[in-house]
Amino acid sequence: MSRCAKETGFCSTEENETRATVRLGCFSETKENKVPLIVNVAISVGAYYAGRGLIPKMKPMFINANLYGIDMNKASKPKIPEAFGVVTGCIFLVSLFLFIPVPFLRNFSTSIKGDFPHDKFVEFIAAMLSICCMILLGFADDVLNLRWRDKLYLPTVASLPLLMVYYTNFNSTTVILPKMVRPLLGHSLDIGMLYYLFMGMLAVFCTNAINILAGINGLEVCQSLIIASSIVVFNVVEILSGHHSEAHEFSLYIMLPYIGATCALWRYNRYQESQYQNVIT
């Protein structure tokens with residue numbers, strides 16, 4: 001700062017321009033961070049309306065393919081199409097496919113082309129690969145009536161892409177311990193390979209814990225919505241609290257389209273079931 005600026009309290013023209021540039025850069029960066037989230041919300045709304053329109057139209061197709069159950073609580077014994085989760089699952093996947101380029105648009109610029117975040121891009125691809133495997137597992141269960149032992153190891157295999165990406169990008173196996181055991185074991189504990197074993201078993205538990213409630217009006221899809229909504233609330237609270245990180249953004253990018261697609265299924269499934277989902281778990 002010049003002597004005149006020190007005495008008068010005013011900055012020179014060059015210093016004012018520098019500060020304005022810094023402020024503009026911060027504003028642009030904040031704006032760029034918001035754009036993918038806004039696009040993601042728009043795609044999620046589109047996923048809801050796409051599912052709302054497709055589900056009634058595809059109902060006869062599933063019945064003609066003998067993918068249906070019988071409503072035993074009605075005297076007329078109407079046919080209820082099954083495996084409709086594959087419809088909302090495909091809508092969910094297409095939504096993610098459309099969204100993939102959005103967070104990386106600024107990296108497609110020629111000026112920063114060599115600085116492309118390949119690790120973040122691989123996280124998206126691995127997440128969608130695991131989702132595809134889970135949808136395939138659910139649809140195969142409805143068509144082939146898989147045995148329960150098959151439902152134990154197949155979700156574990158489907159979680160391997162995510163575990164491999166986590167190992168190569170982070171490889172943190174430290175867990176935060178509850179307050180009641182911290183005087184004995186400390187604040188955190190590195191459990192090593194047991195962490196990956198736990199994550200693989202968690203995939204088995206989550207899929208079967210939800211799938212076992214199939215056929216009860218709205219319960220299977222509703223608990224999926226509750227879990228997804230709680231994750232969204234957690235991410236939003238963390239971001240608003242100043243704990244902004246790419247992990248919370250990534251979670252929102254996945255959860256919002258899922259909620260949009262699942263809400264369409266819940267609309268037809270919440271009271272007297274008009275179709276069973278059985279897939280998107």
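The exercises below work through a predicted model of a protein, from its overall make-up down to single residues.

Residues are numbered from 1 along each chain as its sequence is written, and side-chain values use heavy atoms, with hydrogens and water left out. Because the model is predicted, local features need pLDDT of at least 70 and side-chain atom pairs count only at pLDDT 80 or more, whereas totals for chains, interfaces and linings use all residues.

**Exercise 1. Describe the make-up of the protein, its order of elements and its surface.**

Step 1: The protein holds 10 helices and four strands, where helices (H or I, at least four residues) and strands (E, at least two) are DSSP runs numbered from the N terminus. Read from the N terminus, the order is α-α-β-β-α-α-α-α-β-α-β-α-α-α.

Step 2: Of the 281 residues, 36% count as buried; buried means under 20% relative accessible area, exposed over 50%, and partly exposed in between, with a 1.4 Å probe and protein chains only. The exposed surface comes to about 17000 Å², of which carbon and sulfur atoms supply 67%, by the Shrake-Rupley method with a 1.4 Å probe.

Step 3: Among contacts between residues at least 6 apart in sequence, 66% join residues at least 24 apart, a contact being heavy atoms within 4.5 Å.

**Exercise 2. Compare the spans of α3 and α4 with the expected values, and state how far α3 is covered.**

Step 1: The expected span of a helix is 1.5 Å times one less than its number of residues. Helix α4 (residues 118-144), with 27 residues, reaches 38 Å from its first C-alpha to its last, close to the expected 39 Å. Just after α4, N145 takes a positive phi of about 55 degrees.

Step 2: α3 has 15 residues and reaches 21 Å between its end C-alpha atoms, close to the 21 Å expected. It is mostly covered, since 11 of its 15 residues are buried, among them G85, I91, F92 and F99.

**Exercise 3. Identify the elements that build the largest nonpolar core, and follow F62 outward.**

Step 1: A nonpolar core is a set of buried Ala, Val, Leu, Ile, Met, Phe, Trp, Tyr and Cys residues joined through side-chain atoms within 4.5 Å. The largest has 37 residues, and F62 and F92 have the most contacts inside it.

Step 2: The elements giving two or more residues to this core are α2 (13-64), α3 (85-99), α4, α9 (219-240) and α10, with α10 giving the most, 10 residues.

Step 3: Leaving aside neighbours within four places in sequence, F62 is in contact with L67, P81, E82, A83, F84, V86 and V87.

**Exercise 4. Place H248 and L219 in their helices, and state whether each is buried or partly exposed.**

Step 1: H248 lies in helix α10 (residues 246-269) and counts as buried because its relative accessible area is 12%. Its side chain makes a polar contact with the side chain of N235 (3.0 Å); such a contact is a pair of N or O atoms within 3.5 Å, where, within protein, one must be able to donate a hydrogen and the other to accept it, and residues adjacent in sequence count only if both atoms are side-chain atoms. Not counting residues up to four places away in sequence, H248 touches F234, N235, E238, I239 and H243.

Step 2: L219 lies in helix α9 and is partly exposed, with a relative accessible area of 34%. The C-alpha atoms of L219 and W266 are separated by 9.1 Å, although these residues are 47 apart along the chain.
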